[in-house]
Amino acid sequence: MKYLPLILKNSLRNRKRTSLTVASIAVSFCLLGFLLAMYRVLFYGGEPTPAQALRLFTHHRVSITQPMPASYEDKIEKVPGVKGVTTWQWFGGVYKDARDPKNFFMRMSAEPAKLFPIFTELQIPEDRKAAFVHDRTGCIAAKALAVRQNWKLGQHITIVGDIFPVTLELTIDGIFDTPDHVEMVVFNREYLRQSLPANTRDLVGAFLVQAQGPEAVPQIARAIDSMFENSPVPTKSETERQFQLSFVSFLGNLKLFLMAICGAVTFTILLVSGNTLSMAVRERVREIGIVKTLGFTPGTILGIILGEAGVVAVGGGVLGCALAAWMCGMLRNAVVGVQFLKTLRITPEIAAITLAIALATGMVSALWPALRAARTPILSSLRYTG
């Protein structure tokens, strides 16, 4: 630490070059931190709530976009360990102007009487529950969404179908809230069914299954899938978290994709910082020879140069983490309807990992120039003319 003032002074010797190097490292580590945050959200999103731990989603084995017969519901309900089942259909559609991202939110159909026992975390007054159950054209809206859209109880909203060739005229019977502040509208499955052509009325996208206990979830999933294994429409039953990730799977092997980008970013930082440190050392070859004559050992010179690299790299890493946190906040506020993004942020763990990579990258990139400088004989250093 006694050489820290010298290290800091040498790091700021060429302020323009140092600033540009820190900026380039910051941009790279901003991307790296953001990708690590995405990786954490997608694959390590935290423990499910007690209600989520009881729920399964059953959909077509080939793709979540393929429909299934609605008659599967009665068969699934008879599986041992199943407490409740309801249809769960993504409607899509357009509300007002589809070009405005603020008008995008989840639009789902379900069976009102079966929905509330399964989604126990829905916080809604009992009279509003009853109104939704008994109103064929009614719907319930999330509180966060209702505030954003300035919706009130009893208000009529229109959703024009795109997946389904129908236009829904809905009445807001209730406004609910959830611990994760999901933004969606849920309407009566029977209303959608009666609005569809006869040949598609009895097809659904998925079934929402509630188990009697968390320990029964794996057995129920296997039992359901085994029941329909040899049918024309086989099923795949998975937890709520796995079901959410199935949407992301459309992009391919996202784990490999994210890790490949992280590796490319790290390699790029190595090249940038290595080139910068090499230039800095070449400019100071004669100076290094002089400090050796003053008693500085090769080990001390090696440590000073590596320290300079560490200061520059960590400075870029800190700035990169700040930029990544800003990007995460912007994405959380800009994207609606994608629930797992609500937890997208730079956690202390991600910041620590990013800074550790920054420090290690700076040290590795500076190791070869530092070794060459430390090993150069005094006479060779003093004869160096650049």
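**View 1. The open sheet of 9 strands.** In this predicted model, 9 strands form an open sheet with mixed pairing, in the order E6-E7-E5-E8-E4-E3-E10-E1-E11. The edges are strand E6 (156-160) and strand E11 (235-239); each has a single partner strand, so one side of each is left without a neighbour in the sheet. On average, neighbouring strands of this sheet are turned by 35° against each other, direction ignored. Strands of a sheet pair through backbone hydrogen bonds, either parallel or antiparallel.

**View 2. The pairing of strands E3 and E4.** Strand E3 covers residues 82-90 and strand E4 covers residues 106-110. The two pair in the antiparallel sense, over 2 bridges. Trp90 has Met108 in E4 as its bridge partner.

**View 3. Helices H5 and H8 against the strands.** Helix H5 (residues 126-134) lies across three elements: strand E5 (138-142), strand E7 (167-176) and strand E8 (184-188). Relative to E7, helix H5 runs at about 160°. Helix H8 (residues 217-227) also packs on the sheet, where it touches strand E1 (55-60), E3, strand E10 (206-211) and E11. The direction of H8 makes about 170° with that of E11, the edge strand formed by residues 235-239.

**View 4. The surroundings of Thr87.** Thr87 is placed in strand E3. With 2% relative accessibility, Thr87 counts as buried. Leaving aside residues up to four places away in sequence, Thr87 touches Glu73, Ser109, Ala110, Glu111, Arg189, Val204, Ala206 and Phe207. Among these contacts are Glu73 and Glu111, which are linked with Lys114 in a network of salt bridges.

**View 5. Cys30 and Cys328.** How far is the sulfur of Cys30 from the closest cysteine sulfur? The distance is 8.3 Å, to the sulfur of Cys328. A disulfide requires two cysteine sulfur atoms within 2.5 Å, so the sulfurs of Cys30 and Cys328 are too far apart for a bond. Seen from the other side, Cys328 is in no disulfide, and its nearest cysteine sulfur is that of Cys30. The count for the structure comes to 0 disulfides. Cys30 counts as buried at 8% relative accessibility, and Cys328 counts as buried at 0%.

**View 6. The two faces of helix H1.** Helix H1 is made up of residues 4-11, and its buried residues are Ile7, Asn10 and Ser11. These buried residues cover an arc of only 100° around the axis, and therefore lie on the same side of H1. Pro5 and Lys9 are exposed residues on the face of H1 turned away from its buried side.

**View 7. Leu42 in helix H2.** Leu42 lies in helix H2, which consists of residues 15-43. At 2% relative accessibility, Leu42 counts as buried. Along the chain, Leu42 and Thr58 are 16 residues apart, and their C-alpha atoms are separated by 20 Å.

**View 8. The salt bridge between Glu183 and Arg148.** A search of the whole structure finds 9 salt bridges. In one of them, Glu183 and Arg148 have their closest N and O atoms 2.7 Å apart. Glu183 lies in the loop between E7 and E8, whereas Arg148 lies in helix H6 (residues 143-149), so the pair ties together parts that are 35 residues apart in sequence. Is Glu183 buried or exposed? At 9% relative accessibility, Glu183 counts as buried. Its partner Arg148 counts as partly exposed, at 29%.

**View 9. Salt bridges of Asp127 and Glu190.** The side chain of Asp127 meets that of Arg128 in a salt bridge, with an N to O distance of 3.7 Å. Arg128 has a relative accessible area of 24% and is partly exposed. Another salt bridge joins Glu190 to Arg193, with the closest N and O atoms 3.6 Å apart. Both residues are in helix H7 (residues 189-195); they are 3 residues apart, so about one helical turn separates them. Glu190 is partly exposed with a relative accessible area of 32%, and Arg193 counts as partly exposed at 27% relative accessibility.

How values were computed: Residues numbered from 1 in each chain as written. Predicted model: local features only at pLDDT ≥ 70, side-chain atom pairs only at ≥ 80, totals over all residues. Heavy atoms only, no water. Pairing = 2+ DSSP bridges. Helix = DSSP H or I, 4+ residues; strand = E, 2+ residues; numbered from the N terminus. Axes fitted to C-alpha atoms, helices over the stretch in contact; angles between N-to-C directions. Contact = heavy atoms within 4.5 Å. Buried < 20%, exposed > 50% of the residue type's maximum accessible area, 1.4 Å probe, protein only. Arc of directions from axis to C-beta. Salt bridge = Lys/Arg side-chain N within 4 Å of Asp/Glu carboxyl O.
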